[in-house]
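Here are some notes from going through the model, in numbered points. Have it open alongside while you read.

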Amino acid sequence: MSLENYTEQVRTKVGEASGLNAVIKFAFKEGGALLIDGKSTPNRVSNDDTAADCTVKVSLEDFGKLMERKLDPMTAFMTGKIKIEGDMGVAMKLGKL
């Protein structure tokens with residue numbers, strides 16, 4: 001699936017009020033980014049590659065598996081499929097989405 005398709009899926013899941021109260025960026029190994037701005041009202045999901053409270057580095061393939069719940073986030077982190085920079089507490093909030 002393409003980055004644009006994933007962006008649209010995340011936009012639908014996040015809605016206008018995610019409750020994240022943080023900015024999270026997914027930086028893809030293939031290039032590109034997906035930014036969830038949970039501080040703005042309404043929440044904004046874009047492909048901007050700007051500063052974030054937490055950055056999750058992942059491949060598009062593994063991101064797709066996470067979205068489909070075919071890959072457990074903790075397992076992905078422990079096996080190095082995802083790397084987290086910044087506030088780990090913010091990353092933990094993603095489970096609510």
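1. Let's start at the surface, bearing in mind that this is a predicted model. Met 74, Phe 77, Met 78, Met 88 and Met 92 together make a nonpolar surface patch of about 520 Å². Two helices, α3 (73–78) and α4 (88–92), each put in at least two of the patch residues. The largest share, three residues, comes from α3.

2. Take one member of that patch, Met 88, which sits in helix α4. Its relative accessible area is 35%, so Met 88 counts as partly exposed. Patch residues need over 30% relative accessible area, and Met 88 has 35%.

3. Next door in the loop between β5 (83–86) and α4 is Asp 87. Asp 87 is partly exposed too, because its relative accessible area is 41%. Which residues does Asp 87 touch, leaving aside those up to four places away in sequence? They are Asp 53 and Cys 54. Asp 87 and Asp 53 are 34 residues apart in sequence, yet 6.0 Å apart in space, C-alpha to C-alpha.

4. Now the largest pocket, which holds about 710 Å³ of space. It is lined by 23 residues, and the closest to its centre are Leu 66, Pro 73, Ala 91, Leu 94 and Gly 95. The elements giving two or more residues to that lining are α1 (3–14), α2 (60–67), α3 and α4. If you're setting up a view, α3 and α4 are worth colouring, as they feature in both the pocket lining and the nonpolar patch.

5. On to α2 and its buried side. Leu 60, Asp 62, Phe 63, Gly 64 and Met 67 are the buried residues of this helix. What do they pack against? The partners are α1 and three strands: β1 (23–28), β2 (33–37) and β4 (54–58).

6. Just after α2, the backbone does something to look at: Arg 69 takes a positive phi of about 60 degrees, and it is a residue other than glycine. Arg 69 belongs to the loop between α2 and α3. With 66% relative accessibility, Arg 69 counts as exposed.

7. Asn 21 has a positive phi as well, about 50 degrees, although it is not a glycine. You'll find Asn 21 in the loop between α1 and β1. Its relative accessibility is 58%, so Asn 21 counts as exposed.

8. One last backbone item is the peptide bond from Thr 41 to Pro 42, which is cis, with omega near -5 degrees. Pro 42 lies in the loop between β2 and β3 (44–46).

How values were computed
Residues are numbered from 1 along each chain as its sequence is written. This is a predicted model: local features need pLDDT of at least 70, side-chain atom pairs count only at pLDDT 80 or more; totals for chains, interfaces and linings use all residues. Side-chain values use heavy atoms; hydrogens and water are left out. Patches are made of residues with over 30% relative accessible area and no salt bridge: like charges are joined within 9 Å, nonpolar side chains (Val, Leu, Ile, Met, Phe, Trp, Tyr) within 5 Å. Accessible areas come from the Shrake-Rupley method with a 1.4 Å probe; for residues, only the protein chains shown count as cover. A salt bridge is a side-chain nitrogen of Lys or Arg within 4 Å of a carboxyl oxygen of Asp or Glu. Helices (H or I, at least four residues) and strands (E, at least two) are DSSP runs, numbered from the N terminus. Buried means under 20% relative accessible area, exposed over 50%, partly exposed in between (1.4 Å probe, protein chains only). Contact means heavy atoms within 4.5 Å. On a 1 Å grid over the protein atoms alone, a cavity is a set of points where a 1.4 Å probe fits but cannot get out, and a pocket is an open set with protein on both sides within 12 Å along at least five of seven lines; lining residues have an atom within 4 Å of a point. Grid points are joined across faces, edges and corners, and a volume is the space filled by probe spheres set on the points.
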